[in-house]
Structure formats: structure tokens, C-alpha cells
Amino acid sequence: MNPLLSKTGGEWIGWAGDSGGEDSQTRQAILSAWAKSDHCFAVDLPKEVAAGFYEGYANQTLWPVFHNFASHLKFDPKHWESYVEANRLFCEAVVNSYRPNDLIWVHDYHLMLLPQMLRERLRDAAIGFFLHIPFPSSEIFPVLPRREELLEGLLGSDLIAFQTHAHLQQFRAALLRVLGMETRIAEVALGSRPVHLEALPIGIAPEEYTSLLNSDATTAKQYADWARRYRGRKVLLAVDRLDYTKGVPERLRAYAHLFRCAPELRERVVLIQIAVPTREGIDTYQELRTEVNRLVGEINGQLGTPEWIPLVYINRSIERSELVALYKLADVAWVGSLRDGMNLVAKEYVACKPDGNGVLVLSEFAGAAAEMGEALLINPYDEERTAATVNRALAMDDQERTLRMTALHHRVVRNDVFRWGKGFLASLEDAVSNRGRYIDTQPKKLRPAEIRKAYRRAARRLLVLDYDGTLVPFTKRPQQAVPPQAVLDLLAALASDPKNRVALISGRSSENLGRWFGKVPKLFLVAEHGSEIKTQSASRWEPLRPQAQTDWKPSVMPILEHFVDRTPGSFIEEKKYALVWHYRMADPEFGEWLANELVSMLEAMLAETELRAFRGEKIVEVKPVWANKGEALERLLRDVPAPEFIFAAGDARTDEDLFERAPSDAWTVHVGPGPTRASYVVTDFQVLRGVLELLAATGGVRYDMTV
Ligand code: ADQ
């Protein structure tokens, strides 16, 4: 981040590390110098808070779970309190230095609560969050203690960005499974404030490395010394923090295996393993260190000769000049992460190979693999095949090596950290300007006088009405919602006005709608959210898509049946083009929880098909994507050319498709509480019926108001 900060300006607010109880003048002097020269400002965390926050919740709870190592998870409620407190202290620091129009960019898993804390204090601030590590699969994420708070904390942001699309998808799956929140591919709709989601792989600042490579005397000397020492031998290089996610023991075992399957490589290859000490206060890391020490001893003890040490192990931090000399020296870089957000070492190595003279062996579980396809990819858990791939890398001919490395080099140089930073900040600004649009279009209260005036003036009108929850209240069983005579009269009055086309558009089946509303003259009916339509003149229902398939039902039905078995009070409704699981009568919390699980399961199963699982009011419905009220509206508009007055009303998520497709001057009305894209909102079905009665009475056709 430092090159990006010095180039673009901005302040860095961070934790400078534990003061170790000796808050000396020297430390203060260093901190003041940082503030002055680099605009880096330290948030001081009390010792106990720091320990519970950093070594506790962040690195013993979040880190293992986010890297799919659930078995390494340790949780202490006190650590959680420290995590909350550390985030709060950061919040204070940010609020204190915030000026209007600043962009706030929060980094990484240590500060997942910060976006929402900031949102509560700085309502209009632009807040972005970048996750440097992977986001775990939705099977693993729910094991995390305090998972709801973490997701809600993140949703305080305007933009949440991830290293890869896969991580972004897993975040969406977690929102659905844990909070029951449906999202679009790139957006979470939170009422009036959308949260944008994006995949933005981080890059490096290549000149930080190439400048040393080309003109640093220490680097040149170091390189010359080593090149002399290793002449006649191929050098493999691995650079990692000594973390269990980086796959160091796995690499060492694969390295030993290499000599078993290719003994001719003995004395001709050296592996230099740099392992930077990290988080040493945590037991798991100490155990890892012991294991690695043992493996190093074993390999050198069993394979080494007086002339050859097969493994050079360096367990300390080294200067960048040395690191660059090593990158230049290495014939092959070996990145074997078991899981990694990105992995910058892979990119740094490539940046130091402008002449194409090197091979990158890269774990497919590092985020970098998603954009570095010319590397030789490995599954680091498969030691035998990894050894074979390393052998292939060592033997690769000049032409293939140059071809692969040159392509990688171009990409690493082009997609550098500046491009990444610029991309993030531009997306954040975009997200904020979109938020403005949403705020401007917050639904207004519907004023009867205004709508009446517009209605009276129009010569051609289209009225599109949902039924359940919009014209009548919900009942426990769908069949109990028989329309009262008052509703039938109201629909008949509106439909009989020659200036009107009235459509009832519902999730119900055509058979059901036909039985209840078939006798209302001139009423258009649209069933199953737009799968089938019956226009006023037609005697039959016509499907919206003539070749609609239903052969998927036998494979989805057993899954729904399984959920019925697990949920007393729930049942399945079979429609012509859809299957619906109803759980209105089930225990509310249990029902919601199972509904989340069902949708997550179906999403994965239906991903490649035209079917989707949708959550509705106490239902989960499986239906084709094209069967939605927005498509149905387009179809209706073909029958009513250029209407001067469009009225669309509904209460549920499925009605949002209708509101989205309606022209901007339409009277879109959401019934009841909750977020919506509609322009107007009324409190309940009775108010909506009141409005419709007013319109019916206005239209010239005689109509007596009953409500
Ligand atoms: P890390 O887990 O720290 O970062 P990585 O991306 O490899 O992993 O970055 C390590 C950095 O430390 C590299 O820049 C490397 O040059 C430097 N380094 C390594 N050994 C060093 C040594 N001995 N001396 C000095 N410097 C050394 C987290 C995520 C990653 C993600 C990054 C950035 O875990 O997946 O790529 O953030 O988003």
C-alpha cells in the first residue's frame, strides 16, 4: 500500500504493533516521524485488547476459518470483546480525522465490524472494504462464532471487494445462508442503500523490484555471489510467512519425493526456502515451526553430501535487496499455498523476470491462479504430482519457458497496484453516486388527489395488480384466500371502464385464478408470476414461452419432499411451471433457517439451468428465470399500446421485477413495509383497495365505495 499512498496521497491509519509495555520515547519518536513523513497514524490499542484482537479473534478464529481450516478454529468470547473494542478504537480514530468528501478504505479481516460502526457515526461517508484473504465456502463460514455480526459489519460499506470472483460468490452464498439475504451478482440491495460487490485482484508495484534489479549495488553483488555458489545447479525458490496456509511442510515432503522419483536430480538442484517468522505467540504456529525444523533436518540429513546441501532454510526476515537477488537467481519459484487470498510472491517473482527466464509453479488454491494461467498449476496436497510438475518446470525448454513467463510478465506489469487502487477508488465513488440515486427515489406516500388527477386525464390506462398481500391479507393455506365479493366487484368495475385494461398478476396457478376470477368480464389474468396469460378476449391460457419445459420437476421434487419431512406444518404446492415449498405454518425460526438452507442447496444444483430458487413470503419457489412479472408486464404492454397511465401494485419480492421494468412515469406502489424499487408505498392492502375504489369511482363508471 505504501507506493500507492505516496503516489495518490491519503492517510494510513493502522495499529503500529504491541508496545510491549515499554511505551518509550523512542517509540513515540518513531510514530511521530511516520506521521510526518508517510502520513501513517497509529491507533494505540491497550495490551490486553491487542492480544485478544490480533492473536485472538483475528488470527485464531477468523484466519483459520477464512482459509478453510475450520479444525484450527479457537474461540474465546473475551477475544471477541477485544475484537469489537479494537474496531471501536479504529472507528474513533477514523471519525476524528474524517473530513467531508473523504473516501474511507477499510482493509482486511481484522476490521470487519468497522464499516457499520463508521456508517452509524458518518451516515453519508463513502466507505469501501477490501478483503485480502479468501472468503470461505458457505459450508464452512457458518461455523464461525459471531458470523451474523461480521456480515452485518461489512454491510455498512458502499463497496465490498474481493481478490477473486470465487470469493465474491462465496460471500453472496454466506449472506443467503446466514442472513437469508438474496443478492444480485454485483449488489446487495439494502433498502435505499445498495452495497456494491466486486472482484479486484491486487497487484504489486513492479518498479519497487525492478529498480533494485537494475541498479542496486547490494542486489547485484548478492546475486553475483550466489550465482557463483550455485553454478551448475538449478535453484528452486520458496518465500513464505511461516503460516500453515502456505503449505511449507507439504512442499518439503514433495521436494523429498522429487529425489525419490528422479534420483538423477541429486546434487543438481537446490531449494532455498525463506520462511519469515509470524504470529509466534500462537500454539499452532509453534507446532508448525517444530514440524518444519524436523523436515529440514530429515531432508538434509538423509540426502545431503559434503558437496551438496539440498535444502537451504532461512527462518528470518530478509532485506528486499536480497529478496530481489534471489528472485533473479531462481530458475523456478514454487508457490504451494494450501489456500491464499492472492499471493504476492508469485507476482514479485514474475516482475523480476523481464527476460522471460524463469518458471512459476503455482498452487491452484492461491487467488493468483485465477489470473496466472501460464504458470504450472499444482494441487499442493498431491505430493507425487507436485513433484512431477516441479520436475517438468526444471526441464522446460527455453522456448516454452520464455513464452509462458513473458505472458505472465506483461500481465503483472499492466495490472499493477496503482491500477488496482485506482479501480477500487473509482468503484467506491461510483457506488456512492448510485446511492444518491436510490436516496432520491425513496418511495413516497401515495396521495389520492394526485393519482386521481392523472387517472382522470388519461385516455388509455393499464392497471397491473398482484393478489395475495396486495388485495387481500395472507392466509395460512393458499386455498383459504378466496376473493371476497367486494374485491370481485372492484375488479369488475375497473375492468369495465373502456379506457382501462386491468390485469391480475399472481404467483397462483392458472386453474386457481380461472376458478376465482374467470367470471370477471374483461379482466386479464397472469398466472404463476408470468408463466401463463389469459387476455380478455382469449378463451384459453397461453404460456409466455411456448416451449417451456417441466421435465425438471421429478429431480427437484424429492428435495422439497425431504424438507417437508423435516418441517412439520410445511407442504408442497405443484404448479404447471413451478414447485413451491410453503412453510407459513411451521415454527417461524426453524422455517426461516431451513428455507435459507434449501435455497443455498438449490442454487448450487440449478446453477447451470434456466431454473432458480426464489424466496417469497414464507415460501421457496423453484421456477424458470423467465417466468417473472417484469416479462409479463412487457407482454401486457403489447396489448395496450402507449398507455398514458400505468398503475402497478404488489407487496412481495416478485413484484420488484414488475416495478423495475415499469416505465419511470408509472405509478408503482409497494404495499406494506420493507425495501422496494416502487415509487410509492401504502401501509397495507386495505389502503390500496381504498385507492382503487377511488379510481373506479373517478372513472365515470358507476361504482359505490364500500371500504
Ligand atoms: P500474506 O499472507 O502476507 O498477505 P503474500 O501475498 O505472499 O502473503 O505477501 C507476502 C509479502 O511479504 C510479499 O510482498 C513478500 O515479498 C514479503 N516477504 C516475504 N518474505 C519476506 C522476507 N523474508 N522479507 C521481507 N519481505 C518478505 C495477505 C494475503 C495474501 C495477499 C496479500 C495482499 O494472505 O493472499 O496476496 O495479503 O493482498
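## The ligand shell and its surroundings

By class, 11 nonpolar, 5 polar and 5 charged residues make up the shell around the ligand. The model is a predicted one. In total, 21 residues surround the ligand. His132, Asp340, Met342, Leu344 and Glu348 are the closest.

Three backbone contacts to the ligand stand out for description. They are listed here.

| Residue | Protein atom | Ligand atom | Distance |
|---|---|---|---|
| Ile318 | backbone N or O | nitrogen | 3.0 Å |
| Met342 | polar backbone atom | oxygen | 2.8 Å |
| Asn343 | backbone N or O | oxygen | 2.9 Å |

On its own, the ligand has 710 Å² of accessible area, and the protein covers 81% of that. Four elements give two or more residues each to the shell: β8 (234-241), β9 (269-276), α12 (320-329) and α13 (344-351). The most comes from α13, with 3 residues.

**Helix α13**

How many of the 8 residues of α13 are buried? The count is 7, so α13 is largely enclosed by the rest of the structure. The buried residues are Val345, Ala346, Lys347, Glu348, Tyr349, Val350 and Ala351. Glu348 is also one of the residues closest to the ligand. The buried residues of α13 pack against helices α8 (207-215), α12 and α15 (398-414). They also pack against strands β8, β11 (332-335) and β12 (359-363). Both β8 and α12 also contribute to the ligand shell.

Asn343 appears at the start of α13. Its side-chain oxygen reaches to within 3.1 Å of the backbone nitrogen of Val345. The backbone of Asn343, meanwhile, has an N or O atom 2.9 Å from a ligand oxygen.

**Nonpolar cores**

The largest nonpolar core has 146 residues. Within it, the residues with the most contacts are Leu118, Phe171, Tyr255, Ile272, Leu360 and Leu362. Helix α3 (residues 47-66) supplies the largest share of this core, 9 residues. A second core of 40 residues is separate, and includes Ala458, Leu465, Leu488 and Phe645.

Leu360 ties this account back to α13. Leaving out residues up to four places away in sequence, Leu360 touches Ala346, Tyr349 and Val350, among others. Its other partners include Ala333, Val335, Met372, Ala375, Leu376, Met405 and Leu408. Ala346, Tyr349 and Val350 are among the buried residues of α13.

**Arg508**

Where is Arg508 placed? The residue sits in the loop between β16 (500-505) and α19 (510-517). Arg508 is buried, because its relative accessible area is 6% and the cut-off is under 20%. Its side chain makes a polar contact of 2.7 Å with the side chain of Asn512. Beyond its neighbours within four places in sequence, Arg508 is in contact with Tyr467, Asp468, Pro478, Gln479 and Ala481. Further contacts of Arg508 are with Leu513, Trp516, Ala527, Glu528 and Lys575.

**The whole chain**

The protein chain has 707 residues, and 53% of them count as buried. Its secondary structure comes to 24 helices and 26 strands. Along the principal axes, the C-alpha atoms fill a box of roughly 105 × 60 × 45 Å. The accessible surface of the chain is about 31,300 Å². Carbon and sulfur atoms hold 51% of that surface. Among contacts between residues at least 6 apart in sequence, 70% join residues at least 24 apart.

Methods: Residues numbered from 1 in each chain as written. Predicted model: local features only at pLDDT ≥ 70, side-chain atom pairs only at ≥ 80, totals over all residues. Heavy atoms only, no water. Near = heavy atom within 4 Å. Polar contact = N/O pair within 3.5 Å; in protein donor to acceptor, adjacent residues only side chain to side chain. Areas by Shrake-Rupley, 256 points an atom, 1.4 Å probe, with all protein chains shown as cover. Nonpolar A, V, L, I, M, F, W, Y, C, P; charged D, E, K, R; others polar. Buried < 20%, exposed > 50% of the residue type's maximum accessible area, 1.4 Å probe, protein only. Contact = heavy atoms within 4.5 Å. Core = buried A, V, L, I, M, F, W, Y, C linked by side-chain atoms within 4.5 Å.
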